[in-house]
Amino acid sequence: MKSCGSMLGLWGQRLPAAWVLLLLPFLPLLLLAAPGPHRASYKPVIVVHGLFDSSYSFRHLLEYINETHPGTVVTVLDLFDGRESLRPLWEQVQGFREAVVPIMAKAPQGLHLICYSQGGLVCRALLSVMDDHNVDSFISLSSPQMGQYGDTDYLKWLFPTSMRSNLYRICYSPWGQEFSICNYWHDPHHDDLYLNASSFLALINGERDHPNATAVTHFVSPCVSLPCFHAPSTTLKVYLRDSFGLKTLLARGAIVRCPMAGISHTAWHSNRTLYETCIEPWLS
């Protein structure tokens, strides 16, 4: 006759197998209830608008990010909206700098910067004068990084009596440089006037020394991505001098062309296909 102790030992050996059989029907429910693997949170995103825009213009972009990267904290900065976007760009750079510093402080793992049209110039200048930023990816979305020269609806509204060929007379004056659009007006027929008069673009492109040169740094890592920025000509001075890291970015494959055929400039921040191609892959 087996002792009570030996019987308990035998039952103890069989107990796990018996419980497994009893729990098999409930296994799917147990798997659903079990905690899943830890999912790293996405880095926050800051969005800077363009000329005459406001945060409302980016409602579609917010929807796309929420769909593809749920839980991402997105901040569309409401500064220099509407007509205030015509204020001098260095003034805007200072204002946006004050706004992004506390956001950066709350994102120790870094964040992404999506800047549309004129906002791309603001952001590039912002990063050039911040040596302590933690921007992981800078997305310059349809921005005139090499300047603007051409007729647009905005220009016709701002300067209804001025033709494109004569606009330099306004933009390259002290009065004209008080308008943001003149800060990046680059007339190829009057390059000498541009270099002497431009108070913004010529400085951030390294085409003229900045009054506070010690504060201006080259546009380099950790800003390693510039989607939607057209591949620059290797003959440009800013490329030859590598004024803001173009050679570095090209070598990393960080400058890409986006599908813009049939997409108007004002739809770049709301087109789903363009978002999936040029923005979404960089958000992680």
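What follows is a walk through one predicted model, from the whole chain down to a few single residues. Because the model is predicted, local features need pLDDT of at least 70 and side-chain atom pairs count only at pLDDT 80 or more, while totals for chains, interfaces and linings use all residues. Residues are numbered from 1 along each chain as its sequence is written, and side-chain values use heavy atoms, with hydrogens and water left out.

Let's start with the overall picture. The protein chain has 13 helices and 4 strands; these are DSSP runs numbered from the N terminus, H or I over at least four residues for helices and E over at least two for strands. Of its 284 residues, 42% count as buried. Here buried means under 20% relative accessible area, exposed means over 50%, and partly exposed is in between, using a 1.4 Å probe and protein chains only. The accessible surface adds up to about 15,100 Å², and carbon and sulfur atoms own 59% of that; the areas come from the Shrake-Rupley method with a 1.4 Å probe, and for residues only the protein chains shown count as cover. As for contacts (heavy atoms within 4.5 Å), take those in the chain with a separation of 6 or more: 69% of them join residues 24 or more positions apart.

Now go to helix α5, residues 118-128, where 11 of 11 residues are buried. The buried set includes Gln118, Arg124 and Ser128 along with Leu121, Val122 and Leu126. What sits over them? The cover includes β1, α4 (89-105), β3 (111-116), β4 (135-141), α8 (180-183) and α10 (201-204). Just ahead of the helix, Ser117 lies in the loop between β3 and α5. Ser117 is not a glycine, yet its phi is positive, about 55 degrees, and at 9% relative accessibility it counts as buried.

One of the elements covering α5 is α4, and Ala99 lies in that helix. Leaving aside residues up to four places away in sequence, Ala99 touches Leu77 and Leu79. Asp78 is 21 residues from Ala99 in sequence, with the two C-alpha atoms 9.5 Å apart.

Next, try the loop between β1 (45-48) and α3, where you'll find Tyr56. Tyr56 is exposed, at 57% relative accessible area. Its C-alpha is 8.9 Å from that of Val76, a residue 20 positions away in sequence. Phe52 lies in the loop between β1 and α3 too. Phe52 is partly exposed at 23%, and its phi is near 65 degrees, a positive value in a residue other than glycine.

That loop leads to α3, so how does α3 (residues 59-68) meet α13 (residues 272-279)? Their axes come within 11 Å and cross at roughly 60 degrees; axes are lines fitted to C-alpha atoms, for helices over the stretch in contact, and angles run from 0 to 180 degrees between N-to-C directions. That angle makes α3 oblique to α13, given that under 35 degrees is roughly parallel, over 145 roughly antiparallel, 65 to 115 roughly perpendicular and the rest oblique. The crossing is right-handed, that is, the near helix is turned clockwise from the far one by less than a right angle, with anticlockwise being left-handed. On the α3 side the contact uses Leu61, Tyr64, Ile65, Glu67 and Thr68, which meet Arg272, Tyr275 and Ile279 of α13. These divide into 5 nonpolar, 1 polar and 2 charged residues, with Ala, Val, Leu, Ile, Met, Phe, Trp, Tyr, Cys and Pro taken as nonpolar, Asp, Glu, Lys and Arg as charged, and the others, Gly among them, as polar.
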